[in-house]
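Trainee: Please take me through this model one element at a time. I would like each term spelled out when it comes up.

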Amino acid sequence: VMLMSFVLFSQQQQIKEEASVINIEVPVRVFSGKTFIDNLTIDDFEVLENGVPQNIEAVYFVKKRAVERSQEKKRFSPKTSRNFFLFFELSKYDPKIGDAIHYFVHNVLSPGDDLTFVTSMNTYRMKNIAFEVTSPDEVAKQLIAKVKKDTMTGNSEYRHMISEISGIAQSLSIQMAQGRTSVLSEDQLVMEDVSTPITNISSAGQFEGRSLEEQFNVYENYIFKLDNLRRMNQAKLVNFAKYMKDKDGQKYVTIFYQKEFIPQLDPVLLNQTLSLYQDSPIIQQTISNVIEFYKRETPIDTVLVKQTYADCSISIHFLYLTTPPEIRYGVYMADHSEDIFSAFREMAIATGGFIDSSSRADLLFKSAVEASENYYLLYYTPSSYITDGQFKEIQVNIKSKNYRVFHRAGYFAN
């Protein structure tokens, strides 16, 4: 009886799904080079869903929050209110971040806009009446102060860990180099360049007197602790997307992400040390673990994440803040941003957002804002919609034109 009830329910549900009617909204930005194209009509656009052409029912051209122009075969009510989310993924505070916030408050944020900003310590939401009770200068000043304070406080453990790893890596490099030269012949030692001065090694002094095994063990523990500090939480990413989907209006997420450098040991020295210490299973295993850590893959299911963010119809702007690595003797400061970078990059691409890199956070943010303030809203009803929970891919083209088109990648039919 229970099985029969389930079958009947499934049949009824399927009938309901096949009868469903849904309207799909697609924010679209069209560029020729860096110039936004603002003169397109409904006849210039082509929309495909899973490769099948769809009938576009309306196109609205929007500047900031105002609908400047519309063409309708069917009337819609576009929601153009703006929700801004600023995420500051920073290990060190950069004054250019303050310049970016100042520009945003004075040139972008308007009364009625919703603003939430997230630091390593807290999530803040600016009250809608902020501009009624205080000046833009004071609003910017308060935002900058919170971001600066939270960055300095919230990431102190991260910065301390980087410093400790650098110290132990320097100590290990020195000891491994000494172990290498100690087994060379006299002739080889003559040819070996050992005259290079050892600089910037003060932080390595605290590890003097420890055996190579102890130092490798400390180094391994540090890098895995650091990895736990910076590891992305996929569940939180997905939950945030679901939260965003329920918000009305246009949704803009800007991620300020600083390039990360992890102190690594010279691979040549590591391999030579493996050869020298073949009778020490502890050193062999630890070095193998370290090498595997260096090769680790992205822990995020980027396909799931980008589809989830495309589904909630938001624009993610990923601003990759590049900074030169610190120079330390015997330590290779490796760029370790790839795992997080790839996830954020895929999210931005899937939502039709902005991606760029520079050491200037203010210039990046200004470009992202300018690229997103003008857009088209396209509406269509899928020709055959079934609530099957599958991801439906959207492709928007401009007929007979070689323009760059940015839009969300699709949606889940659920």
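Trainee: How far does H12 reach from its first C-alpha to its last?
Mentor: H12 is a helix (a DSSP run of H or I, at least four residues; a strand is a run of E, at least two; both are numbered from the N terminus). The expected span of a helix is 1.5 Å times one less than its number of residues. H12 has 13 residues, for which 18 Å is expected, and its reach is close to that, at 18 Å.

Trainee: What pLDDT do side-chain atom pairs need in order to count?
Mentor: Residues are numbered from 1 along each chain as its sequence is written, and side-chain values use heavy atoms, with hydrogens and water left out. The model is predicted, so to speak of its limits: totals for chains, interfaces and linings use all residues, local features need pLDDT of at least 70, and side-chain atom pairs count only at pLDDT 80 or more.

Trainee: Where does H12 (residues 338–350) lie, and at what angle to S12?
Mentor: H12 lies across S10, S12 and S14. Angles here run from 0 to 180 degrees between N-to-C directions, with axes fitted to C-alpha atoms, for helices over the stretch in contact. Against S12 the angle of H12 is about 145 degrees.

Trainee: Which residues of H12 are buried?
Mentor: Buried means under 20% relative accessible area, exposed means over 50%, and partly exposed lies in between (1.4 Å probe, protein chains only). By that cut-off the list for H12 is Asp339, Ile340, Ser342, Ala343, Phe344, Met347, Ala348 and Ala350.

Trainee: What residue with a positive phi follows H12?
Mentor: Look just past the end of H12 for a phi near 75 degrees. The residue there is Gly352.

Trainee: What is the strand order of the open sheet of six strands?
Mentor: Two strands pair if DSSP finds at least two bridges between them. The pairing in this sheet is mixed. Its edge strands, each pairing on one side only, are S9 (123–126) and S14 (355–358). The twist averages 15 degrees from one strand to the next. The order is S9-S8-S7-S10-S12-S14.

Trainee: How many bridges join S10 to S12?
Mentor: S10 covers residues 250–258 and S12 covers residues 315–321, and the two run parallel. Across this pair, Thr254 stands opposite His317. The number of bridges is seven.

Trainee: Which helix packs on the sheet, touching S7, S8, S10 and S12?
Mentor: A contact is heavy atoms within 4.5 Å. The helix covers residues 95–107, and its direction makes about 175 degrees with that of S7 (82–89). It is H2.

Trainee: Which strands stand at the edges of the open sheet of four strands?
Mentor: The order is S4-S3-S16-S18, with antiparallel pairing. A single partner strand leaves one side of a strand without a neighbour in the sheet, and the strands in that position are S4 (52–54) and S18.

Trainee: Which residue of S4 is the bridge partner of Leu48?
Mentor: Three bridges join S3 to S4. S3 (residues 45–49) is also joined to S16 (residues 391–398) by five bridges, and there Leu48 stands opposite Gln395. In S4 the partner of Leu48 is Pro53.

Trainee: Why are the buried residues of H10 on the same side?
Mentor: H10 (residues 281–294) has 14 residues, which should span 20 Å, in agreement with its end C-alpha atoms. Its buried residues are Ile283, Thr286, Ile287, Val290, Ile291, Phe293 and Tyr294. They share a side because the arc they cover around the axis (taken from the directions to the C-beta atoms) is only 155 degrees.

Trainee: Which exposed residues does the other face of H10 carry?
Mentor: That face is turned away from the buried side of H10. The exposed residues on it are Pro281 and Glu292.

Trainee: Which residues does Ile223 touch, leaving out those up to four places away in sequence?
Mentor: Ile223 sits in helix H7 (residues 212–230) and counts as buried, with 0% relative accessibility. Ile223 and Ile165 are 58 residues apart in sequence, yet 7.1 Å apart in space, C-alpha to C-alpha. Those touched are Ile165, Val290 and Phe293.
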